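Let's take a walk through this protein together, looking at its backbone and its charged side chains. Have the picture ready and follow along.

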Amino acid sequence: MSAYAPEPNGSCPVINIKHTMADHFQSADIHKTLETKLNKVELDKLKWRKITAENLDLDYTVLLPQSVATCLLRHLESEVKYFSGDLARVYVYGRWHPIPRQQVAFGDSGLSYKFSGNTVPAMAWPPALLHVRKILNELTGYDFNFVLVNRYRDGKDHIAEHRDDERELDPLVPIASLSLGQARDFIFKHRDARKRGPNKREVTPVKLLLEHGSLLLMNPPTNKLWFHSLPPRKSCSGVRLNLTFRRVLNIQKPNS
């Protein structure tokens, strides 16, 4: 059993991210320590798992050792501030709703990402996430320029079924999803399995456990045909951060 898989009794182990008093006094050294740890990640020794189904193409690995993942998680927990107000809402079924998680985005200057009726601006890259982006660019050969950070405070926080297929996203570039903290189930469902009536097809869903420090690459054409979700898991009480690195196209609006 994975170190971060749900226990047989249904409980979920929690990653310890509490800060000690010493951490506050040593805050000036945290980023330097984190950068040193990230530089030691051995990309050539990663063990990959390929997951495929009908037009679904995924690559999964544990990218960061536990100590490095926990260091990054603790750093982001102390440094990242999340959107509030209108940027913390989505427009679904004709109404605005507060999102059942916390969210913020970082990226190259001038970029934004529109989904669920909202346009999310890219805040300036924090140094730690620039370093993670550098690792992912080296690992994949793609140039990611935007990251959406979702913070799940506990097992009640979730994200509903959706596809990341907005026109701002480069359709030829995978989405690189880095998970930190609480392990959670991640479920893919084919679009035809969601239909009603004669067009509905029985397509077996794909379920993964996203571990602390893991990386999931959602390769084309996955997001065109498969919805994905992170359902509520009340027994999983720990904090989870998900960082989805993307290649966003700088689409200019036509002149009016």
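A quick bit of vocabulary before we start: a residue is called buried when its relative accessible area is under 20%, exposed when that value is over 50%, and partly exposed in between. Also keep in mind that this is a predicted model.

With those cut-offs, look at R201: its relative accessible area is 32%, so R201 is partly exposed. Its salt-bridge partner D192 comes out at 13%, which means D192 counts as buried. The side chains of these two meet with N and O 2.9 Å apart. And they have company, as salt bridges with shared partners join E54, D192, K195 and R201 into one network.

The structure holds 16 salt bridges, so let's visit a couple more. One of them links D57 and K50, at 2.7 Å from N to O. Is K50 buried, partly exposed or exposed? At 47% relative accessibility, K50 is partly exposed, and D57 also gets the label partly exposed, at 22%. Another salt bridge pairs D165 with R163, where the closest N and O atoms are 3.7 Å apart. Here D165 is partly exposed at 30%, and R163 is partly exposed at 22%.

Now for the backbone. Find N55 in the loop between β1 (49–53) and β2 (56–62). N55 isn't a glycine, yet its phi is positive, at about 60°. Its relative accessible area is 39%, so N55 is partly exposed.

Last stop: which peptide bond is cis, with omega near 5°? That's the bond from P220 to P221. You'll find P221 in the loop between β13 (214–219) and α5 (222–225).

Definitions and conventions
Residues numbered from 1 in each chain as written. Predicted model: local features only at pLDDT ≥ 70, side-chain atom pairs only at ≥ 80, totals over all residues. Heavy atoms only, no water. Helix = DSSP H or I, 4+ residues; strand = E, 2+ residues; numbered from the N terminus. Buried < 20%, exposed > 50% of the residue type's maximum accessible area, 1.4 Å probe, protein only. Salt bridge = Lys/Arg side-chain N within 4 Å of Asp/Glu carboxyl O.
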